[in-house]
Amino acid sequence: MYKVLISDAIDEQGIDLLKETGEIEVIYQPDSTVKDYLEVVGGIHGWIIRSGTKVGNELLTRADNLRVIGRAGVGVDNVNLDTATLRGVIVMNTPTGNTNAATEQTMALMLAAARKIAPAHEALKEGRWDREKFLGRELRDKTLGIIGLGRIGQGVAKRAASFDMEILGYDPYLSDEQFDTLNINKTSLDDIFAHADVLTAHVPINEQTRNLIDAEAIAKMKDEVILVNCARGGVYNEEAVAEGLRSGKIGAIGFDVFAKEPLDPDHPFLEFDNAVLTPHLGASTREAKENVALDICKQVRDFLLHEKVKNAVNIPFADYGKLRQMEPYVDLGERLGLLQIARASGPVKEVYIRVSGEFDDIKPISLGVLKGLLGPVSGDKVNLMNAALLARQRNIRIQESYEYDDSGYTNLIEVTVVTDDGEKRASGSLFGKEHPRIVRIDEYHMDARPVGTVLMIRNNDVPGVIGNVGSFLGSRNINIAEYRLGRQEEGNAALAMVNLDGPLTQEDLASLEQEQNILNVQQVNFPPE
Ligand code: NAD
Ligand code: MLT
């Protein structure tokens with residue numbers, strides 16, 4: 001039975017969907033404290049959140065069995081993605097379920113700010129019929145600047161166009177063709193600052209977007225500009241915005257999200273009538289809540305029960321399904337990684353992964369290789385999710401390439417590792433689509449099985465060595481399963497891969513290395529086939 005913790009309120013239909021499987025126990029604890037979560041996270045396999053739960057290092061480190069975090073919504077800034085990735089936890093979101101809700105909220109804030117709806121409403125409720133004070137402005141023929149033209153930014157552009165607004169857009173990750181298709185004028189941030197009557201941002205919060213709109217940017221804007229934020233708190237520098245409201249430079253604001261939520265009671269925005277503020281309600285419609293709850297519960301269910309991945313934000317390859325399709329090759333990559341790390345003397349600086357034959361994707365194989373390479377030397381639990389990140393953290397340079405190979409193998413994976421001592425190469429192939437083989441180590445051709453305990457012995461190519469090795473192992477009561485030999489020319493050093501039925505101790509390995517004509521010995525522990 002899988003356990004899924006739901007720590008923010010979500011629509012019941014989603015919860016029912018999980019329970020109906022009969023294989024998932026739901027722990028529903030919205031709005032509890034970190035202390036409460038610390039008590040349960042150790043036993044959970046899935047965790048569903050909205051923006052209320054902060055999934056930080058401490059919780060993730062305790063969540064030993066956790067495999068998936070599902071965010072009912074878009075922003076995953078409340079999850080420590082690096083730690084989740086390092087721990088092999090997939091983080092998914094529901095990118096589209098609340099797009100329309102947030103788009104409509106943006107339009108509502110824009111209109112409310114332009115027409116002073118909130119203070120007029122307040123005044124009326126207080127008994128004042130003040131028709132002069134709340135003179136508004138129209139959106140028609142005004143210029144709307146949109147920063148970030150993803151799902152919500154585009155939705156806002158479409159609606160604003162029907163209000164006869166002229167639209168200027170800034171999104172460095174969108175191509176000119178996309179701007180043309182959207183019929184939006186592509187421009188620079190400075191141009192938006194200079195010409196927008198209304199400015200709205202629809203970007204994620206990150207190092208580039210935090211304080212994107214600060215005092216300097218506001219100084220470049222038109223007088224009485226209207227600013228809208230229905231994206232993420234922190235994109236606008238709130239002190240600078242408050243100062244703009246105070247000086248009259250900014251005409252009005254419509255904000256749904258804030259750098260610190262909930263808003264402090266002494267937040268400067270609260271003193272202004274021309275600030276329309278909502279408590280992060282962008283996604284709070286019945287429709288959106290149902291959508292995101294159903295979407296995320298289906299995604300978490302499908303991952304836990306069927307390993308299906310949808311909308312993952314932290315997997316290092318676009319198509320998770322491909323990883324499963326390519327599993328035997330990923331496994332061969334991992335075995336080559338294990339072999340190469342055993343042979344490497346000193347820290348690995350560069351890795352070259354070259355494949356040839358029947359592959360249409362190299363990334364999953366490369367992750368397998370990195371997992372094999374880092375597993376034995378990393379203090380972290382290495383998996384396909386975190387291998388690339390761990391390699392980056394160790395400054396290992398990785399190069400992947402497809403190459404034509406005329407050696408006759410239908411598939412071939414070659415892994416070269418570079419250390420201070422130079423480079424070492426090994427190639428493997430999958431025979432009959434399922435049997436891993438090492439076919440080459442440096443200049444030695446061979447046909448060895450990277451399975452279980454394997455001794456790699458380099459020895460002088462003279463008579464009697466195999467017999468000596470056999471006697472040595474026999475004296476330790478260790479059976480030889482296979483003995484595969486490779487050599488270049490008669491009389492040169494030979495290389496053997498010897499599959500054993502059990503491992504040798506470190507002392508025995510050292511003694512074997514002292515035997516006559518043995519040059520060096522390494523023991524590699526491969527997974528079973
Ligand atoms: P999206 O990923 O579809 O779009 C984000 C866009 O921002 C992308 O096109 C990207 O290219 C662009 N971008 C990234 N960095 C940029 C930069 N430095 N400058 C300019 N553009 C940049 O996301 P979305 O679904 O449209 O959501 C947009 C934002 O709205 C997110 O922050 C999301 O968390 C937030 N959101 C808020 C609510 C709410 O309740 N208020 C609801 C849903 C989404
Ligand atoms: C989101 O990113 O999806 C929104 O902020 C809505 C929410 O809080 O769930």
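Which helices each supply at least two residues of the lining of the second largest pocket? That is where this set of close-ups of a predicted model starts.

**View 1. The second largest pocket and the helices around it.** The helices in question are α4 (81-86), α13 (320-325) and α14 (327-343), each of which supplies at least two residues of the lining. Of these, α14 gives the most, with 4 residues. The lining runs to 27 residues, and Gly88, Tyr320, Asn383, Leu384 and Met385 are the ones that lie nearest the centre of the pocket. As for the space inside, the second largest pocket holds about 660 Å³. Sort the lining by class and you get 12 nonpolar, 4 polar and 11 charged residues.

**View 2. Helix α14 again, this time against α15.** Here α14 packs on helix α15 (residues 363-374) at an angle of about 35 degrees, and the two axes are 6 Å apart. The crossing of α14 past α15 is right-handed. On the α14 side, the residues making the contact are Tyr329, Val330, Gly333, Glu334, Gly337, Leu338, Gln340 and Ile341. Facing them from α15 are Pro364, Ile365, Gly368, Val369, Lys371, Gly372 and Leu373. By class, the contact of α14 with α15 comes to 8 nonpolar, 5 polar and 2 charged residues.

**View 3. Helix α1 alongside helix α12.** Helix α1 (residues 12-19) packs against helix α12 (residues 286-306) with an angle of about 20 degrees between them and 7 Å between their axes. An angle under 35 degrees counts as roughly parallel, so α1 and α12 are roughly parallel to each other. Where α1 passes α12, the crossing is right-handed. From α1, the contact takes in Gln13, Gly14, Ile15, Leu17 and Leu18. Their partners in α12 are Glu290, Ala293, Leu294, Cys297, Lys298 and Arg301. The contact of α1 with α12 splits into 6 nonpolar, 2 polar and 3 charged residues.

**View 4. Helix α5 crossing helix α7.** For α5 and helix α7 (residues 151-162), the packing angle is about 50 degrees and the axes are 9 Å apart. That angle makes α5 and α7 oblique to each other, because it falls in neither the parallel, the antiparallel nor the perpendicular range. Once more the view shows a right-handed crossing, with α5 passing α7. Thr99, Asn100, Ala102, Thr103, Thr106, Met107 and Met110 are what α5 brings to the contact. They meet Arg151, Ile152, Gly155, Val156, Arg159 and Ala160 of α7. In terms of class, the α5 and α7 contact has 6 nonpolar, 5 polar and 2 charged residues.

**View 5. Lys116, between α5 and α6.** Look in the loop between α5 (99-115) and α6 (117-125) and you'll find Lys116. Lys116 isn't a glycine, yet its phi is positive, at about 55 degrees. Lys116 also turns up in the lining of the largest cavity, which is the subject of the next view.

**View 6. The largest cavity.** How many cavities of 30 Å³ or more does a search of the whole structure find? Just 1. The volume of the largest cavity is about 40 Å³. Its lining consists of Ala112, Ala113, Lys116, Pro119, Ala252, Asp273, Asn274 and Val276. Going by class, the lining of the largest cavity has 5 nonpolar, 1 polar and 2 charged residues.

**View 7. A cis peptide bond at Pro262.** Zoom in on the loop between β11 (250-255) and β12 (275-277), where Pro262 lies. The peptide bond that joins Glu261 and Pro262 is cis, with omega at about -5 degrees.

Note on methods
Residues numbered from 1 in each chain as written. Chains lettered and ligands numbered in written order. Predicted model: local features only at pLDDT ≥ 70, side-chain atom pairs only at ≥ 80, totals over all residues. Heavy atoms only, no water. Axes fitted to C-alpha atoms, helices over the stretch in contact; angles between N-to-C directions. Parallel < 35°, antiparallel > 145°, perpendicular 65-115°, else oblique. Left-handed = near helix turned anticlockwise from the far one by under 90°. Contact = heavy atoms within 4.5 Å. Nonpolar A, V, L, I, M, F, W, Y, C, P; charged D, E, K, R; others polar. 1 Å grid on protein atoms, 1.4 Å probe; cavity = no way out; pocket = protein on both sides within 12 Å on 5 of 7 lines; lining within 4 Å. Points joined across faces, edges and corners; volume = space filled by probe spheres on them.
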